[in-house]
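This report covers helix packing, the nonpolar core and salt bridges.

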Amino acid sequence: MKNVILEVNETMLSENMVQSLLKLLPEQEQLSVLSEMKDEYDDLAESEQFGVVISSVKKLKQRLSAILFRLQFEEQVNNIKPDVVAITAACEELVQSQNFSKLLEIILLVGNYMNAGSRNAKAFGFSISYLCKLRDTKSADQKQTLLHFLADTCQENYPDVMHFPDELIHLEKASRVSAETLQKNLDQMGKQIKSLEKDIETFPPPQNEKDKFVEKMTSFVATAREQFEKLEMMHSNMQKEYENLGTYFVFDPKKMSPEELFGDLNNFKNMFQQAVIENQKRRETEEKMRKAKLAREKAEKEKEERQKKMSAGQILDINDDGDETGIMDGLLEALQSGAAFRRKRGPRQAANRRGAGQAVTNILAKELLQESPSSSSATKKTRLEKEARKPEPVEDTGSLEDLLEDIPSRSN
């Protein structure tokens, strides 16, 4: 372990190992006491023996801190750089997006129209934070919000505006970046590089031929300084872009952080897209209700027409195209009212049994249309007497039940 630290052997040293050593090693005073016990090495416990050997490494903690920084440097760069790029790109996209600018123009127009006659009328602009409040303004029936109305208006009259989310692809990433944390991480990196440069300048000569600390760290700190300066330049450019964005949207960059601004804009983008989806579902529901209403109206109209025909004494033929449903409805009504059973006997064509279904239909229809509960008993008696005088061949007479049995089976 002593040689691994002296050689700065990164194949043997891991980040977790170095962190544990820094955390668990005794203080320098205790290490100095242990170093004086090297003559008693064989009599010491294993942990104390390790302390005696490791205490012989000069500036041990500075070495370990420098090695840990070297192991973590690439990760730190990978954490800082994407955040800087995300905020910079988001600023550029917001300024360059014509569709988003058009959407803001429409919102301002609608706001001025709604506020006509009030002290807020004829406004020149509005705060970006107001965008997320569009969902709070609802219609009189509480079914739609102002955001739903804007989404519908844009979809019908300004279809290009609907593509503005595609022009703000870095907005979501930028909304999760804390500018304050980003600045702290960058400052911390600068301090570590500066501290390492100072340690190298004042570091004692190598202890032996295995001591490669100064050699390796000198090479590393040069590369680290170069990358840090690039990050600083990118960060400076990011701040400049954000200030330009503040001028473009007329807000104070010092009072509104990037995290707050991009968070509001990203929330608005998500709410707008959700409103578009909800509008589509609402239109589909309304279309289904409209079709169902038309179907009900059509069914009611057809029923009224059938009732008018039946009231006029028309006999419907079950074989006529399109009238089968009406006939069956009439038959069901006759069966339910009992009109179908007021006559025990009915004429039957023995020569043509295939026409039995039509005969039954006509019989029931006549019974339904011509006989009513309100008919006078005298008229009914006279008709029955006349029918009784008619000769009925025994072989051609059948009951209503027989006729029903003769009807050919029909599919459901």
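## Packing around α4

The cover over the buried residues of α4 includes α1 (2–7), α3 (28–35) and α5. Those buried residues of α4 (residues 46–54) are Q49, G51, V52 and I54. Buried means under 20% relative accessible area, exposed over 50%, and partly exposed in between (1.4 Å probe, protein chains only). Helices are DSSP runs of H or I, at least four residues, numbered from the N terminus.

The model is predicted: local features need pLDDT of at least 70, side-chain atom pairs count only at pLDDT 80 or more, and totals for chains, interfaces and linings use all residues. Residues are numbered from 1 along each chain as its sequence is written, and side-chain values use heavy atoms, leaving out hydrogens and water.

## Nonpolar core

The largest nonpolar core (buried Ala, Val, Leu, Ile, Met, Phe, Trp, Tyr and Cys residues joined through side-chain atoms within 4.5 Å) has 76 residues. F100, F262 and F268 have the most contacts inside it. Helix α5 (residues 60–96) gives the most to this core, with 14 residues.

Contact means heavy atoms within 4.5 Å. Among the residues that F100 touches are L131, F164, F249 and F268.

## Salt bridges

The count is eleven salt bridges (a side-chain nitrogen of Lys or Arg within 4 Å of a carboxyl oxygen of Asp or Glu). D83 pairs with K173, with the closest N and O atoms 3.5 Å apart. This pair links distant parts of the chain, helix α5 and helix α8 (residues 171–175), 90 residues apart. D83 is buried at 18%, whereas K173 is partly exposed at 32%.

E286 and R282 also form a salt bridge. Both lie in helix α11 (residues 258–311), four residues apart. Shared partners join D152, R282, R283 and E286 into one network.

How values were computed. Helix = DSSP H or I, 4+ residues; strand = E, 2+ residues; numbered from the N terminus. Lists of a residue's contacts leave out its neighbours within four places in sequence.
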